[in-house]
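Trainee: I am new to this structure and would be grateful for a close look at a single part, namely its aromatic pairs.

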Amino acid sequence: MHHATGLISIIALGLVCAFVGGMAAQRLRLPPLVGYLVAGIAIGPFTPGFVGDAELAAQLAELGVILLMFGVGLHFSLKDLMAVRAIALPGAVVQIAAATAMGAGLAAAFGWSLGAGIVFGLALSVASTVVLLRALEGRGLLDSDKGRIAVGWLIVEDLAMVLALVLLPALAPSLGGAAPKGDPAPHYGIGVTLALTLAKVGVFMAVMLIGGRRLIPYLMGLAARTGSRELFTLAVLASAVGIAFASSELFGVSFALGAFFAGMVLAESDLSHQAAADSLPLQDAFAVLFFVSVGMLFDPGILIREPLSVLGVLGVIVVGKSLAAIAIVLAFGHPVGTALTIAASLAQIGEFSFILAGLGIALKLLPEPGRDLILGGALLSITLNPLFFALAERASAWLGERPDWRRRLERRRAAALPIRVGEPGMRGHAVLVGYGRVGSAIAKALADWSLPYVVIERDRRRVEELRSDGVPAVFGDAAAPGILEAADIASAHLLVVATPDSHQGRRLLAKARAANPGIDSVVRTHSDAERRRLEEDGVGLVLMAERELALGMMTYALRSLGVREGDARLFVDTSRTESQVAPSTEPEQPAPELRQRRDEGE
């Protein structure tokens, strides 16, 4: 093929093969990232057929890294991190240290140097942002306590890896590697080298946080005021790529760090959401090419030549990291269900691992087989990740039915606090499980109508805030022994499960009915199958977010197109009824209590 068409051919075949691989992975219920990596393997030098230009692929990968890190910075939320800092910050640091130590020990067993072990361990310690977010979104956990902790944990991991990308080039000569090209720092001692590196990074950060914070949003505003979408999109991409390039040339920092700070500075602007939306297509496209280029570097023969080494790497990723995460989360007093979800979330590696592996190769710290082992571990762990989530859910449900086992694993710190110190329990109240966006809205409505309620919440700080505001609140996992009792479930009139955990609803309903057989119930779920089960169990009202959203939009659409309000509401109510389970062998379920009261009033 003519050299002039090399760039076009690698982009065309990379995107086409990635599309085919992504579709195949989706059909197999695997993350599309697996398909992108396999597409890279297919056009790489280690498999027969067309071989792409690895040098051009590497440059496209650099663009992918820039846009990936720009996206990480753009979505970086200090507020989200601070909300879960008590567990995410120490947990992520300890887990990174534990996984790095395990990886370094494995590298030592392979006969590698200390520098190779550090890079190898760091690459095995950090989970994939793409895989984690997609997994949490698919299970409706992103807005749950578990999801917030997992995302906060991931933010800390990403920040730690950004720091590693900064320090590794400076430390490489002392660790047995090579200095970056054109860097005179290796002529000095390690102290001077670190000081020079940190000084350059400090100057760059100061320039970005002082000047960039004003200049970048100002330029974005100028582009936005032109009314031209393409100029605004161009301004976003110019900021990402231009700052990444300038930071490398002027301050000697990596493309990744420059792009991260560009995104983080822009995130403070009210234009950040539009910037994210406009840059997303190119970000996705070049991220796909990044994964394809990584796959091109992978030699699948290592799975046959060194199966035990690959299994060792996989063991560190899915067993070592998971056990460390479970131990850390339980040590901080969180429920075992949260610990299992965090462990499943982190039992894979991805984009930062590939970036670290590439840097380790460039600095001559990591041997070539190390990159193959990292890529093999990534492919296998990402492929197996849905299975680990399923196992975590089953293990949580199994432990929920065995309170003695659960009590041994969990350390409750002030879990069964009295509802209000010195006051007797209430009667005829609502027990509200979860105080997130849904739960807090329900609580406000109950308070506006002066209806009594008790909140059960797993976030200790929220409980303390509620109690300081005079709201009865109990800290702990509602499924744990003694928590529902602390909320006087035996004398309650209504149980409201406002958490998105689909398996928790049935467990809580069973425990509540054991203590209070006549209790009414409202349960939230994200699963249609779970909704049917709950309705069969006689729950007063089961709400599935997607279905209620569709019915609400359906009502408005019918009214907008001329259907009378009464006819539209009758049609929507009929649609809701038809979607519910009503077995002919059983008597029809009664309507929810609140609907009965409304009918009686009419």
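Mentor: The account below deals with the aromatic pairs and their surroundings.

The model is predicted, so local features need pLDDT of at least 70 and side-chain atom pairs count only at pLDDT 80 or more, while totals for chains, interfaces and linings use all residues. Residues are numbered from 1 along each chain as its sequence is written, and side-chain values use heavy atoms, with hydrogens and water left out.

Rings of Phe, Tyr and Trp (its six-membered ring) pair if their centres lie within 6.5 Å; planes under 30 degrees apart count as stacked, over 60 as edge-to-face and the rest as tilted. By this rule there are 5 aromatic pairs. One of them joins Phe110 and Phe120, edge-to-face, at 6.4 Å centre to centre and with 70° between the planes. Phe110 lies in the loop between α5 (85-109) and α6 (114-125), and Phe120 in helix α6, so this pair ties together parts that are 10 residues apart in sequence. Helices are DSSP runs (H or I, at least four residues), numbered from the N terminus.

Buried means under 20% relative accessible area, exposed over 50%, and partly exposed in between (1.4 Å probe, protein chains only). Phe110 is partly exposed because its relative accessible area is 27%, whereas Phe120 is buried, at 0%.

Another pair is formed by Phe291 and Phe354: the ring centres are 6.2 Å apart and the planes stand at 85°, so the pair is edge-to-face. This pair links distant parts of the chain, with Phe291 in helix α12 (residues 272-296) and Phe354 in helix α16 (residues 351-362), 63 residues apart. Phe291 is buried at 4% relative accessibility, and Phe354 is buried at 7%.

Notes: Helices (H or I, at least four residues) and strands (E, at least two) are DSSP runs, numbered from the N terminus.
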